[in-house]
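Below are some notes on helix, hairpin and salt bridges, set out as numbered points for a colleague's reading.

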Amino acid sequence: MTVDMASVESGSDDAALDRARAILVQTATFGLAANDYDTRSNGNFDEVAITAATDGNEGIYIFEYRDGEGSRQVPPSSMPSFDAAREEAIRCAIDLLVDLEPGTDALTGWLVRVRNDSGELLCAIDVQEAEAARQLRQ
């Protein structure tokens, strides 16, 4: 399988691979699960697994995405650090901005939340932070 990214920031091949792995984890599972068991599954519904990209200093992070009036969590992901998980959350929040419709969707509040493997909230990226980051990256 390949992942084509619209823009890859300059950096190492490892950084690009980490970004591609994160994209695959999120797109492979987002919106497809019928229940919590399916959400945690890797497609083999008799086996539960965590998808990981590791360098030995990683942590397990759970990404939660605003989905209309509700939210969706993707299976836990292993990320190199909290900073990498937060950066991924910002990138995802920027992507979610284009889906917001004025007059239909709330243009305030959180877009992406990051939790640790115990479920503790580590950070939340809101509409204003995502918009500011988007403008900086243009």
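1. A residue is called buried under 20% relative accessible area, exposed over 50%, and partly exposed in between (1.4 Å probe, protein chains only). The model is predicted, so local features need pLDDT of at least 70 and side-chain atom pairs count only at pLDDT 80 or more, while totals for chains, interfaces and linings use all residues. Residues are numbered from 1 along each chain as its sequence is written, and side-chain values use heavy atoms, with hydrogens and water left out.

2. Helices (H or I, at least four residues) and strands (E, at least two) are DSSP runs, numbered from the N terminus. For the 16 residues of helix α3 (residues 82-97), the expected span, 1.5 Å times one less than the number of residues, is 22 Å, which agrees with the 23 Å between its end C-alpha atoms.

3. A salt bridge is a side-chain nitrogen of Lys or Arg within 4 Å of a carboxyl oxygen of Asp or Glu, and 7 are counted by this rule. Arg86 pairs in this way with Glu129, with the closest N and O atoms 2.5 Å apart; because Arg86 lies in helix α3 and Glu129 in helix α4 (residues 127-137), the pair ties together parts 43 residues apart in sequence. Arg86 counts as partly exposed at 27% relative accessibility, and Glu129 is likewise partly exposed, at 25%.

4. Within helix α3, Arg91 forms a salt bridge with Glu88 (3.2 Å between the closest N and O atoms). Arg91 counts as buried at 15% relative accessibility, as does Glu88 at 1%.
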